[in-house]
Amino acid sequence: MKRIGILTSGGDSPGMNAALRAATRYAIYYDMEIYGIHRGFEGLIDGEFEKLDRRSVADIMQRGGTTLRTARSDRFMTPEGLERAARNLETFKINDLIIIGGNGSLTGGLMLSQKYDINVIGIPGTIDNDLGYTDSTIGFDTALNTVLDAITRVRDTSSAHERTTVIEVMGRHCGDIALYAGITGGAEYSLVPEFETDINDICQKILEGVQVGKLHSIIITAEGYPVSSSDLVKQIADKTGREVKLVVLSYVQRGGSPTYRDRMLATECGVKAVELIRDGERNKAIGEKNGEIMAFDLEEALTERREFRYDIYKAVDILSK
Ligand code: F6P
């Protein structure tokens, strides 16, 4: 009987539980055994394995976070840590490992597959949407909706006080949350790690907005934008002479019940992961291309760079003039 391991790793994202539920129940449906590994690669190294049954994943689809819990693991990046992880999989007779996580987690999985001949199937779980091979990652849609809700609230109070508000969102290397929340939230600008926007352009737009009767302005900035959010607030306030406030959304963006879109994507990815293992497919990254759930070679998928949507960046500016 085939035995699968499954873990969640790196920053949690809403929908990870839905992927875990789908993979667990499909594995059992196909007469495989499945072990949940706690705390990501940390639990893999420490041997924290738990056999799952259908009831282990009951009532979790609608919950954010991850019931397997998660961690960032420096130990896994060392030869000793990697070897301990491989030994534990050998002890439990697990040859197939499903990893739900972002870029760093899937890269860790690739290392394991290359050095120890373990079959790794990656499921993209991160709010950042920073994996180039897939159109979207599990949790991105929920995080965006959380940010949009925050923008709507901030807009009310900003108008009442005629303020400019800088809203900082997550994204250390990828500006997708800032970009897509900016265009759908009607922000003046979305500032992204991919490149720097001229501070004079931002201030000119704020002042022109005041001239045409705008009561507020909203600037969305990603945490990885080259200028820190507090400096940004100071620079805008100094240059425009207006009151500027900072709202840092931080971990609020990572929690909450997953949206329909994230539950569906997660469920389809979980099913696909188990079916790939059943069919003897090796070392794949699952992703979504033009609405279709597909499997890509793990190594090649991780080398694909995410294309920056400059057209959307421009549209944020044009639409909010
Ligand atoms: O990787 C997802 C992410 O949410 C990033 O956007 C953020 O920078 C990071 O995780 C923060 O993670 P933590 O503080 O939990 O390690």
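**Exercise 1. Describe how domain 1 and domain 2 are arranged and joined.**

The centres of domain 1 and domain 2, taken over C-alpha atoms, lie 34 Å apart. The model is predicted: local features need pLDDT of at least 70, side-chain atom pairs count only at pLDDT 80 or more, and totals for chains, interfaces and linings use all residues. Residues are numbered from 1 along each chain as its sequence is written, and side-chain values use heavy atoms, with hydrogens and water left out.

*Step 1: bounds.* Domain 1 covers 3–139 + 258–303, and domain 2 covers 140–254. These bounds come from an automatic or database domain assignment.

*Step 2: contacts.* Count residues with heavy atoms within 4.5 Å, the rule for contact. In domain 1, 17 residues are in contact with 13 residues of domain 2.

*Step 3: area.* Buried area is the accessible area (1.4 Å probe) that two parts lose on being put together, summed over both. For domain 1 and domain 2 it is about 1,200 Å². Carbon and sulfur atoms give 50% of this area. On the side of domain 1, Ile-127, Asp-128 and Asn-129 lose the most area to domain 2. Together they make up 42% of what that side buries.

*Step 4: polar and charged pairs.* A salt bridge needs a side-chain nitrogen of Lys or Arg within 4 Å of a carboxyl oxygen of Asp or Glu. Between domain 1 and domain 2 the count is 1 salt bridge. A polar contact is a pair of N or O atoms within 3.5 Å; within protein, one must be able to donate a hydrogen and the other to accept it, and residues adjacent in sequence count only if both atoms are side-chain atoms. Across the interface of domain 1 and domain 2 this rule finds 10 residue pairs, both residues at pLDDT 80 or more.

*Step 5: classes.* The side of domain 1 that touches domain 2 has 4 nonpolar, 7 polar and 6 charged residues. Here Ala, Val, Leu, Ile, Met, Phe, Trp, Tyr, Cys and Pro count as nonpolar, Asp, Glu, Lys and Arg as charged, and the others, Gly among them, as polar.

**Exercise 2. Place Leu-232 and Asn-119, and list their surroundings.**

*Step 1: elements.* Helices (H or I, at least four residues) and strands (E, at least two) are DSSP runs, numbered from the N terminus. Leu-232 sits in helix α8, residues 229–240. Asn-119 belongs to strand β5, residues 119–124.

*Step 2: accessibility.* Buried means under 20% relative accessible area, exposed over 50%, partly exposed in between (1.4 Å probe, protein chains only). Leu-232 has 1%, so it is buried. Asn-119 also has 1%, so it is buried.

*Step 3: neighbours of Leu-232.* Leave out residues up to four places away in sequence. Leu-232 then touches Val-166, Leu-191, Ile-199, Thr-221, Tyr-225 and Val-227. Its C-alpha atom is separated by 9.2 Å from that of Leu-246, 14 residues apart along the chain.

*Step 4: neighbours of Asn-119.* With residues up to four places away again not counted, Asn-119 touches residues including Asn-95, Leu-97, Ile-277 and Glu-281. Its side chain makes a polar contact with the side chain of Asp-96, at 2.8 Å.

**Exercise 3. Work through the salt bridges.**

*Step 1: total.* The rule gives a count of 24 salt bridges.

*Step 2: a network.* Salt bridges link Arg-39, Glu-42, Asp-46, Glu-48 and Arg-75 in a network. In the pair Arg-39 and Asp-46, the closest N and O atoms are 3.3 Å apart. Arg-39 is partly exposed because its relative accessible area is 25%. Asp-46, at 39%, also counts as partly exposed.

*Step 3: further pairs.* Arg-278 bridges to Asp-279, with the closest N and O atoms 2.9 Å apart. Arg-278 has 38% relative accessible area, so it is partly exposed. Asp-317 and Lys-321 meet at 3.4 Å, N to O. Asp-317 is buried at 11%, whereas Lys-321 is exposed at 67%.

**Exercise 4. Which sign does phi have at Arg-69 and at Asn-290?**

*Step 1: background.* Most residues other than glycine have a negative phi.

*Step 2: Arg-69.* Phi of Arg-69 is positive, about 65°. Arg-69 is in the loop between β3 (49–51) and α3 (79–91). Its relative accessibility is 43%, so it counts as partly exposed.

*Step 3: Asn-290.* Phi of Asn-290 is positive too, near 50°. Asn-290 lies in the loop between β10 (284–289) and β11 (292–297). At 75% relative accessibility, Asn-290 is exposed.
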